[in-house]
Amino acid sequence: MFFVAAMLAILSGLFYAAGRHEIGSLGVAMCQYGSPFCDNSFLLLVAAALAACWGAFVSVR
């Protein structure tokens, strides 16, 4: 689950950069297919935090 949280955090940063037109033609393609995430990249960051919390909650030590 921590892997999923890390990937969501990375995707949040990529969509934030794409929404601000900072990564060129890749950003245009990303925002064409994932426009809600370009507009609100904070949603992915919240999902990453929830996944990290869930991973910490169910981890067995």
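The points below concern a predicted model of a single chain.

1. Confidence. The mean pLDDT of the chain is 91, and 100% of its residues reach 70 or more. Among the elements, helix H1 (residues 2-19) has the highest mean pLDDT, 94, and H3 the lowest, 89. As a general caution, predicted coordinates should not be read in detail where pLDDT is low.

2. Secondary structure. The chain contains four helices and zero strands. Read from the N terminus, the order of elements is α-α-α-α. Helix H1 covers residues 2-19, helix H2 covers 25-33 and helix H3 covers 35-39, and helix H4 covers residues 42-58.

3. Overall dimensions. The radius of gyration of the chain is 13 Å, whereas a compact globule of 61 residues would have a value near 10 Å. The C-alpha trace spans about 45 × 15 × 15 Å along its principal axes. One pair of residues can be set beside these dimensions: Gly34 and Phe57 are 23 residues apart along the chain, and their C-alpha atoms are separated by 30 Å.

4. Burial and surface. Of the 61 residues, 26% count as buried. The chain exposes about 4400 Å², and 72% of this is supplied by carbon and sulfur atoms. Buried positions discussed below include Gly34, Cys31, Cys38, Phe15 and Ser41.

5. Long-range contacts. Taking the contacts in the chain with a separation of 6 or more, 54% are between residues 24 or more positions apart. Leu45 and Ala9 illustrate a large sequence separation: these residues are 36 apart in sequence, and their C-alpha atoms are 5.5 Å apart in space. Leu45 lies in helix H4. With a relative accessible area of 41%, Leu45 is partly exposed, because it falls between the 20% and 50% limits.

6. The disulfide. How many disulfides does the model have? The count comes to one. The bond joins Cys31 to Cys38, with an S to S distance of 2.1 Å. The torsion about the S-S bond is about -100°, so the disulfide is left-handed. Both partners fall under the 20% limit for burial: Cys31 has 19% relative accessibility and Cys38 has 8%. Cys53, by contrast, is exposed, with a relative accessible area of 52%.

7. The H2-H3 loop. Gly34 sits in the loop between helix H2 (25-33) and helix H3 (35-39). Is Gly34 buried or exposed? Its relative accessible area is 7%, so Gly34 counts as buried.

8. Aromatic pairs. The structure holds two aromatic pairs. In one of them, the rings of Phe15 and Phe37 have their centres 5.7 Å apart and their planes at 50°, so the pair is tilted. This pair links distant parts of the chain, with Phe15 in helix H1 and Phe37 in helix H3, 22 residues apart. Phe15 is buried at a relative accessible area of 13%, while Phe37 is partly exposed at 34%. The rings of Trp54 and Phe57 also form a tilted pair, because their planes are at 40°, with the centres 5.7 Å apart. Why are Trp54 and Phe57 separated by about one helical turn? These residues are three apart in helix H4. Trp54 is partly exposed, with 46% relative accessibility, and Phe57 is exposed, with a relative accessible area of 65%.

9. The H3-H4 loop. Ser41 is located in the loop between H3 and H4. Its relative accessibility is 11%, so Ser41 counts as buried. Which residues does Ser41 contact, once its neighbours within four places in sequence are left aside? The contacts of Ser41 are Ser12, Phe15 and Tyr16. Phe15, one of these contacts, is also the helix H1 member of the pair with Phe37.

Definitions and conventions
Residues are numbered from 1 along each chain as its sequence is written. This is a predicted model: local features need pLDDT of at least 70, side-chain atom pairs count only at pLDDT 80 or more; totals for chains, interfaces and linings use all residues. Side-chain values use heavy atoms; hydrogens and water are left out. Helices (H or I, at least four residues) and strands (E, at least two) are DSSP runs, numbered from the N terminus. The radius of gyration is taken over C-alpha atoms; the globule rule is 2.2 Å times the number of residues to the power 0.38. Buried means under 20% relative accessible area, exposed over 50%, partly exposed in between (1.4 Å probe, protein chains only). Contact means heavy atoms within 4.5 Å. Accessible areas come from the Shrake-Rupley method with a 1.4 Å probe; for residues, only the protein chains shown count as cover. A disulfide is a pair of cysteine sulfur atoms within 2.5 Å. pLDDT is the predictor's confidence in each residue, from 0 to 100. Rings of Phe, Tyr and Trp (its six-membered ring) pair if their centres lie within 6.5 Å; planes under 30 degrees apart count as stacked, over 60 as edge-to-face and the rest as tilted.
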